[in-house]
Amino acid sequence: MELRRPTLDLLPGYSAALAAGWSADTVRGAEAAQEELEAIRRAPGAFVDSLDDREGRGAPVALPDGSRVARLPGFRLWMWDGEFCGVIGLRWQRGTAELPPHCLGHIGYAVVPWKRRLGHATEALRQMLPQARAVGLPCVEITTDPDNLGSRRVIEANGGVLVERFTKPTQFGSRPGLRYRITLG
């Protein structure tokens, strides 16, 4: 499995996953998938370009409660094993490792259901960590739900240490969460 920069020639695999009911947005799910499919239909090139926004100049981000917040600098890469497997993204604030309260972590990932349990998320996170270091982060924080044992294993396999159990902000339903930290050496 390798990480690939999203391109127009890889877009059909991503679109097919969205059309099959998968979404990289594990919180907003089908609503986010439909928004992305519409953006792809309107302007595929602009959609692909929007996935690499290291200046944070893109449109505001919709939170699960419908509120909108300014976009952080970041980018998404696609997991590829001969076909589309999933997404991993990195976001940050310039000059600090801190994130605003509405941003639950530096890195988020999602694997399509038919490619889970193959080690793709673990490998994608391993490959993303040097890129986080390259943008100047001394560490990354990643959050997951307490009952998501697969995600917990992915994070721990990459050196993640549980730093807190917390309650997610109201925009995310005030549900329990786990925050892990990976120090980038």
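This passage walks through two helix pairs and a few loop residues in a predicted model.

A good place to start is with how helices meet. Two packed helices are described by the angle between their axes and by the distance between those axes. For helix α1, residues 11-19, and helix α2, residues 30-42, the axes come within 9 Å and cross at roughly 140°. The crossing of α1 and α2 is left-handed. On the α1 side the contact is made by L11, Y14, S15, L18 and A19, while α2 contributes A33, E36, L37 and I40. Sorted by class, the residues of this contact between α1 and α2 comprise seven nonpolar, one polar and one charged.

Helix α2 deserves a look of its own. With 13 residues at 1.5 Å a residue, α2 should span 18 Å, and its end C-alpha atoms are indeed 18 Å apart, so expectation and model agree. Which residues of α2 are buried? They are A32, A33, E36, L37, A39 and I40. These residues lie on the same side of α2 because they cover an arc of only 160° around the axis. A general rule helps in reading such a pattern: an α-helix has 3.6 residues a turn, so residues three or four places apart point the same way. The other side of α2 carries A30, R41 and R42, which are exposed. As for the partners of the buried residues of α2, they pack against α1, against α3 (44-50) and against β5 (74-80).

A second helix pair is formed by α4, residues 120-134, and α5, residues 149-157, whose axes are 9 Å apart and pack at an angle of about 35°. Here the crossing of α4 and α5 is right-handed. The contact brings together A121, T122 and L125 of α4 with V154, I155 and A157 of α5. Five residues of the contact between α4 and α5 are nonpolar and one is polar, with no charged residues.

The loops have details to offer as well. H106 sits in the loop between β6 (84-91) and β7 (107-111). Is H106 buried or exposed? Its relative accessibility is 0%, so H106 counts as buried. Apart from residues up to four places away in sequence, H106 touches G89, L90, R91, W92, A97, L99, L137, C139, V140 and E141.

The loop between β7 and α4 holds W114. With a relative accessible area of 47%, W114 is partly exposed. Once its neighbours within four places in sequence are set aside, W114 is in contact with A17 and A20. Although W114 and A17 are 97 residues apart along the chain, their C-alpha atoms are separated by 9.9 Å.

R117 is also found in the loop between β7 and α4. Despite not being a glycine, R117 has a positive phi of about 70°. R117 is exposed, since its relative accessible area is 88% and the cut-off for this class is over 50%. S174, in the loop between β9 (161-167) and β10 (176-183), is not a glycine either, yet has a positive phi of about 55°. The relative accessible area of S174 is 38%, so S174 is partly exposed.

Definitions and conventions: Residues are numbered from 1 along each chain as its sequence is written. This is a predicted model: local features need pLDDT of at least 70, side-chain atom pairs count only at pLDDT 80 or more; totals for chains, interfaces and linings use all residues. Side-chain values use heavy atoms; hydrogens and water are left out. Axes are lines fitted to C-alpha atoms, for helices over the stretch in contact, and angles run from 0 to 180 degrees between N-to-C directions. Helices (H or I, at least four residues) and strands (E, at least two) are DSSP runs, numbered from the N terminus. A crossing is left-handed if the near helix is turned anticlockwise from the far one by less than a right angle, and right-handed if clockwise. Contact means heavy atoms within 4.5 Å. Ala, Val, Leu, Ile, Met, Phe, Trp, Tyr, Cys and Pro count as nonpolar, Asp, Glu, Lys and Arg as charged, and the others, Gly among them, as polar. The expected span of a helix is 1.5 Å times one less than its number of residues. Buried means under 20% relative accessible area, exposed over 50%, partly exposed in between (1.4 Å probe, protein chains only). The arc is that of the directions from the helix axis to the C-beta atoms.
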